[in-house]
There are 2 protein chains.
Amino acid sequence: MSESARRGGQGRERLVVIGGDAAGMSAASQARRLKGPEELEIVAFERGHFTSYSACGIPYWVGGDVHDRDDLVARTPEEHRARGIQVRLRTEVTEIDPARQAVRARDVDSGAESWTPYDKLVIATGARPVRPDMPGADAEGVHGVQTLDDGQELLGTLTRAGGTRAVVVGAGYIGVEMAEALIKRGFRVTVVNRGSEPMSTLDPDMGRLVREAMEALGVTMVDDAEVTEVATGADGRVRAVVTEDAAYPADVVVLGIGVRPETALAGAAGLPLGVHGGLLTDRAMRVRGQENVWAGGDCVEVLDLVSGQERHIPLGTHANKHGQVIGTNVGGGYATFPGVVGTAVSKVCDLEIARTGLREKDARRAGLRYETVVVESTSRAGYYPGASPMTVKMLAEHRTGRLLGVQIVGREGAGKRVDIAAVALTAGMTVEQMTALDLGYAPPFSPVWDPVLVAARKAAAKVRAS
Amino acid sequence: MSESARRGGQGRERLVVIGGDAAGMSAASQARRLKGPEELEIVAFERGHFTSYSACGIPYWVGGDVHDRDDLVARTPEEHRARGIQVRLRTEVTEIDPARQAVRARDVDSGAESWTPYDKLVIATGARPVRPDMPGADAEGVHGVQTLDDGQELLGTLTRAGGTRAVVVGAGYIGVEMAEALIKRGFRVTVVNRGSEPMSTLDPDMGRLVREAMEALGVTMVDDAEVTEVATGADGRVRAVVTEDAAYPADVVVLGIGVRPETALAGAAGLPLGVHGGLLTDRAMRVRGQENVWAGGDCVEVLDLVSGQERHIPLGTHANKHGQVIGTNVGGGYATFPGVVGTAVSKVCDLEIARTGLREKDARRAGLRYETVVVESTSRAGYYPGASPMTVKMLAEHRTGRLLGVQIVGREGAGKRVDIAAVALTAGMTVEQMTALDLGYAPPFSPVWDPVLVAARKAAAKVRAS
């Protein structure tokens with residue numbers, strides 16, 4: 001007897017969604033577009049206070065570029081409810097039972113628990129910031145910035161802190177964006193980084209350009225530093241970030257050392273996890289081996305189309321696509337998510353940072369030999385006002401010349417040029433083919449040879465000569 | 001007996017280049033990189049005073065954004081000569097004799113003529129502005145803006161004009177860019193346009209957005225107007241532009257009604273011309289049927305990879321690529337120019353205008369059935385400061401869903417997004433495939449669904465539903 005039958009035999013199915021942000025609520029909304037409430041009941045559980053918000057916008061809210069928290073909310077619980085989606089806020093799912101097709105949920109405030117049966121399940125539990133296992137990691141004044149609730153708590157601390165010293169642990173996207181946000185709020189900022197250069201999603205030679213920009217901004221960059229302890233005062237509040245070599249006084253600490261897929265529930269339910277701890281799905285975003293369970297967003301691993309390996313890439317744009325694909329399939333349509341090429345852009349003040357495809361170490365790890373070139377060019381025709389320098393690094397496969405990756409550091413107009421390479425990677429183009437790309441040219445937009453074309457020309461020459 | 005043998009039997013070949021701008025001098029420079037002066041003599045004839053300049057930059061020079069004419073010159077005759085390229089300025093080639101392998105050239109100032117034999121010939125004669133066959137079209141004060149010499153003459157007129165009324169005939173790229181330039185110089189500007197909307201490289205519904213921006217800028221737009229006469233005063237200077245319905249007073253007139261391939265010489269020599277009057281070449285940019293004659297730049301037709309038909313697209317970026325390909329082949333290497341997808345970007349004040357692929361009428365002309373969508377989105381996340389609206393129109397082939405074209409009108413960050421579509425067109429992607437593209441996302445760069453992805457989603461849905 002199926003669950004829907006057990007619930008009264010009316011043929012109305014129930015979709016349960018775990019997680020109320022991008023992937024989960026996109027899936028719910030798209031399923032609702034395809035199936036009305038008479039066909040499909042939708043229940044979404046969300047542990048926090050908010051739905052469908054832009055976690056990527058938190059640094060700009062903290063930094064003051066975005067004034068109102070609600071601006072980050074694309075769709076409120078009330079708006080979802082008006083569309084026939086039951087949203088249960090402050091309700092944490094504590095167990096998934098795939099055999100019984102039911103989830104157990106706990107009211108965070110009252111502690112009350114109950115089971116909810118489902119016909120179809122979407123797991124969109126997101127990711128959690130890595131909290132190093134060391135003394136003080138959970139002290140008052142130590143913050144992650146993964147959820148809107150996290151952002152709200154951090155802003156509370158910043159307002160109350162009564163200090164001016166901030167330490168950011170980690171120098172990836174979140175780390176550098178939060179460093180800028182804290183500078184804007186008048187803090188003296190130190191970034192403590194385990195690697196040799198910030199932005200380890202770039203090769204170190206490109207990361208160095210980011211460091212120079214950060215230092216020019218007044219941020220103190222500490223590299224090759226492993227944090228061993230967060231020192232606290234008698235009041236339990238953070239006092240300093242301690243490494244093997246030094247202690248950095250801190251009135252507030254922001255953790256930007258990455259996130260891990262939030263898959264404890266899924267793992268406990270016996271669902272398949274990959275080497276990065278994320279759920280494994282098929283192309284339709286169905287959990288592998290499951291008929292009626294889908295997963296998407298920051299809790300899944302995605303196929304890297306360039307390396308052919310699975311990766312964990314927590315990014316709102318993927319989460320939204322996953323939700324769209326899941327909702328379409330749950331709603332009886334057909335859609336797939338073929339994979340990613342690893343595109344990311346970021347901004348620190350007026351510095352634009354972009355990457356797609358493989359870094360040198362990714363290529364080596366994938367067993368690929370490659371050629372690299374680095375070119376300096378400008379965002380516009382050299383004679384046009386506002387032309388600014390940009391650096392483009394390109395990797396091409398040895399012999400075949402297939403594009404493997406592009407990294408860009410520059411000013412206005414630099415970052416989104418990475419999209420050219422993202423599409424070329426998706427299409428499997430060679431750098432030789434790229435030299436003939438018909439890209440938009442006019443003096444306010446590009447030199448007559450777009451910087452990406454210049455890099456492709458040089459890369460093609462290097463492939464030929466090798 | 002070959003020409004080189006006739007010239008002394010030393011085995012040194014002579015390359016003759018007709019035209020000293022982008023295509024010609026890129027070809028000469030690239031050939032020189034591959035072959036030294038001991039192997040290859042290079043002689044370039046240029047009718048004007050300049051070499052290797054950015055004709056695309058002329059509107060910005062006239063408008064004052066670029067202060068110095070020399071900023072538009074990428075490489076001077078002296079710089080070319082220092083690299084072992086003989087540049088003969090103010091020397092016009094008046095005849096090509098492919099049978100004898102020689103060209104006749106005339107010194108523009110002295111009128112002296114002489115024949116120069118060649119082993120290899122590059123025809124890069126460019127394009128000439130269309131001058132309507134009507135009274136006054138050559139009057140003093142009527143200017144094209146095709147060459148640096150043209151720009152210099154126009155600036156002379158603007159300085160001396162003693163008036164404040166400018167009429168631009170034509171509302172394509174050159175027309176709208178020149179309208180802005182003239183506004184910046186304090187002129188009252190009227191644009192007289194034969195079509196119903198400006199920018200006929202866009203569909204009229206998108207052209208309308210450009211009109212609105214032009215009018216907001218203070219430009220008077222006259223549509224559906226055929227110019228019948230340029231009225232002149234007793235001094236022979238322009239007084240007004242006359243249409244069937246009205247006369248528009250003018251102290252200066254700029255012709256922006258397009259250009260034609262400058263192929264009189266090539267045609268007289270019996271070389272093959274296409275339906276648009278441009279030279280026809282193979283993929284290596286060799287003139288069809290010729291062993292040792294190449295052609296590139298504004299004087300050739302190019303293959304449109306989307307429609308499968310030849311087009312004439314005068315654009316510096318193509319000319320440079322042609323030159324690169326020709327120079328490589330002339331120098332003994334191998335390179336091809338596979339064709340174009342018809343990408344173009346332009347800017348009028350802060351309005352960015354972009355297109356690639358086919359317009360609706362191009363698709364019809366190519367025998368293609370299509371679906372269209374138009375979406376409104378923003379250049380950045382809606383909550384991020386500086387987010388501005390942009391409109392994206394997308395054409396997809398009926399049934400197959402193959403991307404056929406994209407048009408974009410918006411503000412900062414809108415125009416170069418067309419490159420995404422340019423690469424997708426080159427790769428032959430469907431709009432369904434495009435929905436999964438891994439484009440750069442962060443709030444300062446894009447909404448979580450890039451506007452191009454939104455258009456692709458809607459287009460894919462329309463294809464499915466049709």
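Here are a few notes to help you find your way around this predicted model.

1. A good place to start is the open sheet in chain A. Its five strands run in the order β3-β2-β1-β7-β18, and their pairing is parallel. From one strand to the next, the twist averages 15°.

2. Next, look at the edges of that sheet. They are formed by β3 (86-88) and β18 (293-295) of chain A, and each has a single partner strand, so one side of each has no neighbour in the sheet. For β3(A), pairing with strand β2 (residues 40-45) of chain A is parallel and covers three bridges. Within this pairing, A:A44 has A:V87 of β3(A) as its bridge partner.

3. Helix α2(A) is worth following from here. It lies across β1 (13-18), β2 and β7 (120-123) of chain A, and runs at about 165° to β2(A).

4. The helix α2 (residues 22-34) of chain A also packs with helix α9 (residues 316-330) of chain A, at an angle of about 30° and with the axes 7 Å apart. Angles under 35 degrees count as roughly parallel, and α2(A) and α9(A) are therefore roughly parallel to each other. Their crossing is right-handed. Residues in the contact include A:A22, A:M25 and A:L34 of α2(A), and A:G316, A:I326 and A:V330 of α9(A). By class, the contact has 10 nonpolar and 11 polar residues, with no charged ones.

5. Finally, how does chain B relate to chain A? A rotation of 180° with 0.0 Å of shift along its axis superposes chain B on chain A, with an RMSD of 0.0 Å. This is the relation of a two-fold axis. Of the interface residues of chain B, 100% are also interface residues in chain A, so the copies meet through the same surface.

Technical notes:
Residues are numbered from 1 along each chain as its sequence is written. Chains are lettered from A and ligands numbered from 1 in the order in which they are written. This is a predicted model: local features need pLDDT of at least 70, side-chain atom pairs count only at pLDDT 80 or more; totals for chains, interfaces and linings use all residues. Axes are lines fitted to C-alpha atoms, for helices over the stretch in contact, and angles run from 0 to 180 degrees between N-to-C directions. Helices (H or I, at least four residues) and strands (E, at least two) are DSSP runs, numbered from the N terminus. Angles under 35 degrees count as roughly parallel, over 145 as roughly antiparallel, 65 to 115 as roughly perpendicular and the rest as oblique. A crossing is left-handed if the near helix is turned anticlockwise from the far one by less than a right angle, and right-handed if clockwise. Two residues are in contact if their C-beta atoms, placed from the backbone, lie within 7 Å. Ala, Val, Leu, Ile, Met, Phe, Trp, Tyr, Cys and Pro count as nonpolar, Asp, Glu, Lys and Arg as charged, and the others, Gly among them, as polar. Copies are superposed by least squares on the C-alpha atoms of residues with pLDDT of at least 70 in both. Two strands pair if DSSP finds at least two bridges between them.
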